[in-house]
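Please examine the structure shown here alongside the explanation that follows. The discussion proceeds element by element.

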Amino acid sequence: MKKRIVTFFTLAASLVSAASGADGKLTGLRIDATGTTELALKGKGARQQIIVTGKLESGAERDFTHKAHYEAAPNDVVSVDGDGVVSAISDGAAMLTVTADGVASTLPIKVEGSGSFPPINFANQIVPIFTKAGCNAGGCHGKLSGQNGFKLSLLGFEPAEDYEHLVKEARGRRVFPAAPENSLLLLKGVATAPHGGGKRLEPDSDDYRLLVRWIGQGLSYGKPTDPKLERIEVIPKQRTMTLGSDQQLIVLARYTDGSVQDVTRSALYEPNEKSMAKTDEVGRVTLFDQPGDVAVMVRYQTEVGTFHATVPLGAPVENLPAPRNYIDELVFAKLTAMGMPPSAACDDATFIRRVSLDIAGRLPSLEETRRFAADTAPDKSDKLIDSLLESGDYADFFATKWSSLLRNKRTKPADARGNFAFREWIRDSLRNNKPYDQFMREIVAASGAIAENPPVAWYRQVKEPQQQLEDTAQLFLGMRLQCAQCHHHPFEKWSQNDYYSFAAFFSQVGRKGEETIFHRRGMAVAQNKKTKQPVKPVALGAAPVEIAPDDDPRLALADWIGGKENPFFARSLANRYWKHFFNRGIVEPEDDMRETNPPSNPELLDALARHFSESGFDLKALIRSIAQSRTYRLSALPNEFNKSDRQNFSRYYPKRLPAEVLLDGVNQVINGRSSFAGLPPGTHAIALPDNSFNASSYFLTVFGRPDSSSACECERTQEASLAQSLHLLNSKEIQQALSADTGRAALLAADVRPDEEKLRDLHLLAYSREPEARELAIAKSHVEKPRNGPDGKPLPELQSKRQGYEDILWAIINTKEFLFNH
Amino acid sequence: MAIPCALFFIAANLVSAQLPSLTLATVFPAGGRSGTEVELAVTGGSIEEIDQLYFSHPGITAKKKPEPNAFTVTIGGEVPVGTYDVRVASKFGVSNPRVFVVGDLPESVESKPNDKPETAAELSGDSLFNGVVAAAAFDFFKFNAKKGERLSVECMAAGIDSRLSPVLAILDPAGRELDASRLNGLLDFIAPADGIYGLRLNDLTFAGGPEYGYRLAIRSGPRVEFVFPSAGVRGTKSRFTLFGTHLPGSSQANISAAGGRALEKLEVEIDVPSAGETRVDGLCGAGSVMAEGFSFRFKGANGVANPQFIGFAEGPVALEQEPNNRPEQAQKLDLPCEVAGQFYPAADSDCFSFEAKKGDVYWVEIFSARLGLPTSPFLLIQREKADIQEAYGSDANLGGPRFNTVNGDPVLRFESKEDGLYRVTVRDLFGNARNDPRNGYRLVIRKEKPDFQLAALVEFPPSKPDDRGAAPRALILRGGGTSAVRVIAFRQDNFGGEIDLNVEGLPPGVTSLPSKIPAGKTEALLLLTAAESVQRSIGAMRIIGKAKAGSIDLAHDARGGTVTWNIADYNNDPVPVRLTRDFPLAVNAAETAPVSVDPLEVKQWEIAVGGKLEIPLKITRRDEFKEVLKLKAYGAPGIEAFKEFDADAAATATIDLAAVKIPPGTHTIYFSALTKGKFKGKDVTLTVYSAPIEIVVKAETK
């Protein structure tokens, strides 16, 4: 096995080198800095990162920043280091010449005001140093209580407070303008004085010098008229790169007065796929040997940006299946661009098992599997998909998913009625294919008593306006806004004001007891916890809306969420459901969609969202498109190129069966029956109304059935654990069910048909496929071999066979093939 | 599922420390077809010697069968289709009521298990099935339907005092769900093809047992979803429009029921009676006492429809005219008036305008939640753009935790501060996303009209000082005993006057003194006392309240109310209650009251303000009740200051008006104590009431 992997990587690497060689020679160089034809540096110490991009014969672009040779003439105006950083020396004009592989390019540079340092603005220049050095991180001085008496605002989102704490608090002992180097701030920062956080600054660094200068110049906060940061710009935005290559980034801060500052060295970098790339402090991205897409999140003060690298494998992509629909077209286009050939199509047996588990949350019955195998109609898969979608099992399975996300949780016995009603409401909505925007609206704007209008139960668990907005955002917009309650969202553009403006939509929710919700007449308004200012309802990124005191603001919110122009609603559902089927969101995690976490196939996500929206938010139609696609039908078995693919959907990514599905599946195979207190015998685990049955089912708990405590899909754990294996291997619950008189083993032993036939059935039931000859032979000989009882005497044949079948069943439910959907 | 056996009213144990009292838990079947005989079985508490059923309609009679708790009920052909009350009675008294429905469909009674699709009970044609759902189980049925046939399936449960929350599903021949109903036990089904369909029934939370009975009707006969307007003027013949299905001669209504299916409409002329009728059908919510009106059942050649409540309007009823959602579309009204409207479609807002002169006073009231609708109306009065007044449903609970009268309907007093045009906006706070045309309302804007209505409840006998239990009870008097009825007043338009309470129709040997609900108060206890030697009896009794509002004499009969199921602690669970269709008194001649407290003399006791009144009392103890009684006095304003005193065999109650400031006038007072003892060998706690005592406090003469 190990050997095979080694071979694979060698092969991949050789393919890659062949691919880059094919790009041919360097034909030209381009220099990027601030986007202007002439680079202007202003003030003493001004500097600018530049990047040098080489154009190859094939048209491909490569980063030459760290390979190029730099020369400035005359040589006393600027200096340039080998990493492409241009620093001002004296006023004047110079010409920078960059050469690589015999190709050259030039950039005119002008330096002004080099005789004096420009005035320092605390918010724009000093605070970013603390962020870069990690001083104001959540684990350090940035936490709510600060650290050892010194508090900074989290990630520097509140510069005015930082200034207070730094300059005025503790009798000003943290900064010492008379001898700046002796300031406690710097002594601790360079760890000359004992510092729990260790050394955060180098004494010879620019940041250190800037701090010294700021303290020495008298600790200016800056003028109120000083420009404010408007946005940041990452250059380049995206690039197709080769395995193992690197790319220098430039990060420009653009200010309200139109000025631009190079903040490449002050920004923070973080790749979303750490297995694919690493970043350093100066904005250099280095790829590893894994093809795919990687995004690097760039943060500077309150602003975020991304660099998106596509790293093709470069293998020839031939024999793509004919696309069935737009999904295939876009997935295959990506695979072609990536040079990643997809796996072959799976067989019918795999497909019926896969699609039954994914849509209906159950194994296909023996009859269904046989019928499907025997059916020769070309549209048999479509018919299967339709019949699964029309089944009550589909409604049960997806109601289980939604019931948990909508927190249909039993916190006390009296909740039961509401929980049953809410679950059934969700189930009916799905069964009747209620348009998703209507589904959302009936929850978000739910009014009345739970007994009459079950979605009011959502408000029973989600009590406060903050929780309501956070859950709404996560459920229906795929966004996690939690951070913005207390501070500017670190990975997002959303501010506290955005947060509370969104919360204002829930400000008029009235309650009569726990079970009744109504609209309280009045002007919708929330208070920004930070500023203590009232804020009116504003949807994310939308214009403020005037809501009359008579109108329920939640209706306006639902209008906005479900509106065709909303960029988040359809995308988040499409991504959520995509993940359901492919075990990986186009954005991952599926409910953390943000600018800094881009989709791996944006065109695909856009198209899914567009189709979903145009269909009138038809959930079944979305599922139908996904399940009918050739992409969904790709085998889980990798070919020689796509084993490590986790983003491009070049194959089906196997997933462990969810707790309820697995329990029902085990029962189906071994003819067991779980009993749930108070429910009719034979109730399936996917039909359980709420979380209250977890406590009495170790099986459900150990396999990660969620407790309906959050709106996050992550509450359902899909990992495998030792406890799970042990439970299936040797728990009393499973052993008793295997050896029960009504169990499958007893039935099969008593069944007069030949063992071979019965074993075939068993395989069909568990795996939806016929056994291989070898499997059959081993199983048959195991069943038929004579056994002795505990007394050492041979057992009667019936009893011996029954034990044999118990063993076979035990083995089957413990195979990965059974435990996984593949 | 299983036929209700004598499995019994477990919760009765919770109050076992009280005197034994007949309680009726279930009747099965809970109804029958008009003009037929029905075999009926009952369960309950202390019902071992029951020999009689007592119905709220005299045309329904019963004979005891030899086997325990079984009766043969004869429903006279003259008994109208409707909902009635039934009680069990024995020599020990009478029980709380349960519903007994008289229908027009052929009925069957569950006789074998139908908890699996294979054992589904067959429903043939228009018919009704009486069954009981077991815990953690389904009941299955099958029926034939032709393609396009529209059938209404109705599972009566709450309406027959059952604990069942029915969930219905129609299944195709392959067992797949075609349609489901989870809220009200109603399904409007149109068969997609000829065939045999399945019907599955279960309790929402899969609870079950004898208390989870149902009446499941499947019919192609008339069904009325709502009537518009929902009020008419007493003693007139008025036109109404019925909206529903299978209404002969109807036309398409261009309106859909909540389930999305089209409704028909039919205009009919209805005789609005001049007095309310509460012995058949009717509203049963505790807060509905104020909604006067009558129940109407449409009768067509194809059968009798479900009942619709029609209220009594003060004057001609205006109909809401859409569009009126926005202030500039406000519909003009001439006051006083009544408007019939609908909270429809979703987020409907209805604006009306009216002229008022400075100083005009009107009461503005909505009837909707009290009509049994799941609404929460809201009222807003504005002048131009300024808000003048708004009203949400009142939180006032007149009946306390054992008879919660809170309902969602708002009422407000409007006094015009200047001449001009005003606007009233009506909205359903629950209706922002709901499209259900059944959710109608009556908007009443009337000149101030002080009035009241009464409800009578059997006073719950506590078994400990802070007893928070509640249980179904009926009014029973033992020989020599005194029982209490709590009468609560629903006052209209700030009516604050005193309400005199009198009882009529008492059997021989039972006496009562007039009582009164003091001015501004909302309740009083009414005491009935039986002589030591009495005859067994059971019969209707009237409690009449009389008052004066200015020069107008007001008089109203009290409507009965009852707890329907036992509750151990009303702080943990709401107490289920309803209005009753009768309020009988039973005299128990087989037992005597364990303790009696009587004045030595029956007379008017006179006393001057500031004086001292001594009332010698006689304490009679019959069973093993030996505790000294710690008597407190009640029944007159200011009497709270009277200090509790000990009474053993004989005692004198001394009321010192220097300390106990009872205002001048005639008052009916009584003494009461909680005491313990043994009744028929069992430990019992009971509240002893003295016989009522009339005192006259005379003002000081100067």
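Which residue takes a positive phi just after α7(A)? In this predicted model, the residue in question is A:Gly361, whose phi is about 65°.

The helix that precedes A:Gly361 merits description in its own right. Helix α7 of chain A covers residues 348-360 and has 13 residues. From its first C-alpha to its last, α7(A) reaches 17 Å, which is close to the 18 Å expected at 1.5 Å a residue. The helix is mostly covered, with 11 of its 13 residues buried. Among them are A:Phe351, A:Ile352, A:Val355, A:Leu357 and A:Ile359, and charged-type names also appear in the list, including A:Arg353, A:Arg354 and A:Asp358.

A second helix of chain A, α15, spans residues 496-503. Because 7 of its 8 residues are buried, α15(A) is largely enclosed by the rest of the structure. The buried residues are A:Gln496, A:Asp498, A:Tyr499, A:Tyr500, A:Ser501, A:Phe502 and A:Ala503. Against what do they pack? The buried residues of α15(A) pack against one helix, α14 (465-476), and two strands, β24 (526-527) and β25 (534-535), of chain A.

Chain B offers a strand for consideration. Strand β1 of chain B comprises residues 23-28, and 6 of its 6 residues are buried, so β1(B) is largely enclosed by the rest of the structure. Its pairing partner is strand β3 (residues 37-45) of chain B, which runs in the antiparallel sense and is joined to β1(B) over 5 bridges. At the level of single residues, B:Thr23 has B:Gly45 of β3(B) as its bridge partner.

Terms used:
Residues numbered from 1 in each chain as written. Chains lettered and ligands numbered in written order. Predicted model: local features only at pLDDT ≥ 70, side-chain atom pairs only at ≥ 80, totals over all residues. Buried ≥ 20, exposed ≤ 12 C-beta atoms within 10 Å, placed from the backbone. Helix = DSSP H or I, 4+ residues; strand = E, 2+ residues; numbered from the N terminus. Pairing = 2+ DSSP bridges. Expected span 1.5 Å × (residues − 1). Contact = placed C-beta atoms within 7 Å.
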